[in-house]
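The exercises below ask the reader to work through strand pairing, cysteines and surface exposure in turn. Each task is followed by a solution in steps.

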Amino acid sequence: MWNYRIIKNRDCYGLYEVIYNDDGDICAHSEKPEIEDYNVKDLLTTLRLMLDDAQKSSYNILYADEIKFGKFCEDCDKGEEVTLEELDNILKGLN
């Protein structure tokens, strides 16, 4: 038998696949969690969001080999550029 269980490991809580023997004792669990978060409430919220998104998109399945990726934005490369003059003006505005 197996199920998913929340296991705390250091500072995080994770959802792990747990396997039981015939006596009901835990005999193994997955090496890495399926999902993890810093508290149980956020972990459960994320799972609810994932299930909701999966249900909403179940009518429109994406096929990995057919996805055509676009750019994140037109000016992505320019978005981080700041001239020294612009930086100087920004810093003067903070004083």
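**Exercise 1.** In this predicted model, find which residue of β2 stands opposite I6, and trace how the strands around β2 are paired.

*Solution.* I6 stands opposite L15 in β2. The pairing to which one turns next is that of strand β1 (residues 2-9) with strand β2 (residues 12-20), which run antiparallel and are joined by eight bridges. These two strands form a hairpin with two residues between them, and R10 in the turn has a positive phi of about 60 degrees. L15 also has a bridge partner in β4, namely I35, and β2 pairs with β4 (residues 35-37) in the antiparallel sense over three bridges. Finally, β2 is joined to strand β3 (residues 26-29) by three bridges, again antiparallel, with Y20 opposite I26; in the hairpin of β2 and β3, where five residues lie between the strands, G24 takes a positive phi near 85 degrees.

**Exercise 2.** Determine how many disulfides the structure holds, and classify C12 as buried or exposed.

*Solution.* The count of disulfides is zero. C12 has a relative accessible area of 17%, and because buried means under 20%, C12 is buried. C27, by contrast, reaches 49% and is therefore partly exposed, since the exposed class begins over 50%.

**Exercise 3.** Locate L91 and state which surface patch includes it.

*Solution.* L91 lies in helix α2 (residues 84-94), and its relative accessible area of 45% makes it partly exposed. Together with L84, L87, I90 and L94, L91 forms a nonpolar surface patch with about 550 Å² of accessible area.

Terms used: Residues are numbered from 1 along each chain as its sequence is written. This is a predicted model: local features need pLDDT of at least 70, side-chain atom pairs count only at pLDDT 80 or more; totals for chains, interfaces and linings use all residues. Side-chain values use heavy atoms; hydrogens and water are left out. A disulfide is a pair of cysteine sulfur atoms within 2.5 Å. Buried means under 20% relative accessible area, exposed over 50%, partly exposed in between (1.4 Å probe, protein chains only). Patches are made of residues with over 30% relative accessible area and no salt bridge: like charges are joined within 9 Å, nonpolar side chains (Val, Leu, Ile, Met, Phe, Trp, Tyr) within 5 Å. Accessible areas come from the Shrake-Rupley method with a 1.4 Å probe; for residues, only the protein chains shown count as cover. A salt bridge is a side-chain nitrogen of Lys or Arg within 4 Å of a carboxyl oxygen of Asp or Glu. Helices (H or I, at least four residues) and strands (E, at least two) are DSSP runs, numbered from the N terminus. Two strands pair if DSSP finds at least two bridges between them.
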